[in-house]
There are 2 protein chains.
Amino acid sequence: MRLESLGERELISALRKEFSESRKDVILGIGDDTAVVRPGKGALLLTKDLLLEGFHFIRSLHPPYFLGRKSLNVNLSDIAAMGCVPKFALLGLGLPADLDTAWLREYFSGFKSATKEGKVILVGGDLSESKKVFISVTVIGEGKNIIQRKGARAGHLLYVSGYLGDSKQGLLLLKQGIKPGKNRKADPLLRAFLDPLPQVSLGQTLSRQKLVSSMIDVSDGLSVDLFHLCQESRLGAEIDLEKLPISPELRYFQKNPRSFALHGGEDYQLLFTVPPENKGALSRLQKKYMLTLIGKMTGRHDILVIDQRGKRKPLEIKGYEHFRDKRRTAPRRKKIRIL
Amino acid sequence: MRLESLGERELISALRKEFSESRKDVILGIGDDTAVVRPGKGALLLTKDLLLEGFHFIRSLHPPYFLGRKSLNVNLSDIAAMGCVPKFALLGLGLPADLDTAWLREYFSGFKSATKEGKVILVGGDLSESKKVFISVTVIGEGKNIIQRKGARAGHLLYVSGYLGDSKQGLLLLKQGIKPGKNRKADPLLRAFLDPLPQVSLGQTLSRQKLVSSMIDVSDGLSVDLFHLCQESRLGAEIDLEKLPISPELRYFQKNPRSFALHGGEDYQLLFTVPPENKGALSRLQKKYMLTLIGKMTGRHDILVIDQRGKRKPLEIKGYEHFRDKRRTAPRRKKIRIL
């Protein structure tokens, strides 16, 4: 069945049933002019991420169940990067009238699974007809010890969770026609792109234990996101190229995996700085969360990479940039001097 | 200059400067993984509205300054309908890479003017490249005496603010090539569509004085929104056709203004129910907010209109419905029986 046979009001009514889960901090969910919730005692976190067909995903290649999960989870990754707890979500969807309702069912099923894992309640949103699928999710979170992008000092250690670069390689493989479930080596890479998992538990643990001085999620790519951390703390950094966490699968498919780890994007891992005196406490979390020490912050005003021979050179800051990439204009190389 | 020459990061950096206004309840505005704000003592209101090029607006006909205002104000209208106070906004924008930055400047200037009028702080959002302009705004509000769609009783009086139907006629005139500032009679109608004003002050007054039992904003059209009120309170209603507030300008351009008033949509007026004992108190607000008594709620399970000869007939429930309208499928007529 196509969406045009269902119509907006029946879809809203179906969603109201599907997402009717209640919790004592939800006063009014889907169905009134606005949602009404009870805020907790901490500060309130607000974030919004867009996912657009043709720019963030290719509809024919992205299983709708995974897309539903990803559209919530990329927002949870932002809340994780603040060390906080996600609570409520709003979902804005633009959908083509000829969209198959089976696609929608899968999408909502995925979205719902992510709300359950993240302990988030969908409380409202908006629907519109559109030419392409577009998705706008807002997540509201709560927290006390909030970790910002700024706050690092020179000498603080630089850690990252998980593997870097898998997501970009996963997208490449998808575009080459490799589907999930067909190739054991490709699967973790495809999954990294199609269904990234937000590091919510890690973020909250780091915040609760007061172990870190600054944090960001790696969504634009390590080089760009490290650049943001440096900019906000008015510091430089050094990365040890040998230490970059690269998966065996990425090494298998990619002859230049380091470039993917540095500039890939959409990893949704956490990048954070740790005062040296917390190194011991942090090491207790290292295995559980797969944390890697990749370098340190410096008082210089540049970001350097150190190669296997100990040679330092400036890190090129590049990652996907909307409105610019894939255009006639040459990709801009960010200047290395920060201040 | 085109947006592709500016790029995403420079645009974000410009926005961060432009919307750097601070307030003591904003802990962290634009520029980190999420915004961080301090919630007030009341409940929290969450709402999100989409505006899509080609569906909600025609880019060549909608001056970007007004579009900027409207994209915030339609959300403030939802907060107004709950009788609450808007506080924070998130802005998601999909923009074509070849968009002229002058358009963007005007858009943001309009958006900013609406934040100032509404006492709202823009604290974050997301940008993406897209084929068409699309806008997703989230507004967070606060309030204590929250007015829902449900809560009316049989015999409660039905009021609406302002004029109905102007917005739809304004859109028609725009499509006929009539531009703002060229025709004194057309201007209020064009304005109703291009730059509707949310009834935030009225909503808050009604809530504070505890005068109303249920409320909704008229965004889909009077018939559809009254249907929502009736559905939520499990009641019927009667409307006096003679009483519908129709502007002299709508009468001038439209030989069937009542149909526009009943089914037009995008009026962004407030429709609310008042216990008869509050009629006196309400009358003191009537002139200031241009309130009209148009009918009452009934214990029947239908919505009736009363014509000039006192004859009752069922009200057709119709308004714009996404995914359905302008399609091969015939527009569905909502059944009159509600329960």
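**Two copies and one enclosed helix**

The copies meet through the same surface, because 100% of the interface residues of chain B are also interface residues in chain A, where two residues are in contact if their C-beta atoms, placed from the backbone, lie within 7 Å. This is a predicted model, in which local features need pLDDT of at least 70 and side-chain atom pairs count only at pLDDT 80 or more, while totals for chains, interfaces and linings use all residues. Residues are numbered from 1 along each chain as its sequence is written, and chains are lettered from A in the order in which they are written.

**Exercise 1.** Find which rotation superposes chain B on chain A.

*Solution.* Superposing by least squares on the C-alpha atoms of residues with pLDDT of at least 70 in both copies, one obtains a rotation of 180° with 0.0 Å of shift along its axis, at an RMSD of 0.0 Å. The two copies are thus related as by a two-fold rotation axis.

**Exercise 2.** Describe the side of chain B that touches chain A, by number and class of residues.

*Solution.* Begin with the contacts, in which 63 residues of chain B meet 63 residues of chain A. By class, this side of chain B has 28 nonpolar, 16 polar and 19 charged residues; Ala, Val, Leu, Ile, Met, Phe, Trp, Tyr, Cys and Pro count as nonpolar, Asp, Glu, Lys and Arg as charged, and the others, Gly among them, as polar.

**Exercise 3.** Decide whether helix α8 (residues 222-233) of chain A is largely enclosed or not.

*Solution.* Helices are DSSP runs (H or I, at least four residues), numbered from the N terminus. A residue is buried if 20 or more other C-beta atoms, placed from the backbone, lie within 10 Å of its own. Ten of the twelve residues of α8(A) are buried, so this helix is largely enclosed by the rest of the structure.

Definitions and conventions
Helix = DSSP H or I, 4+ residues; strand = E, 2+ residues; numbered from the N terminus.
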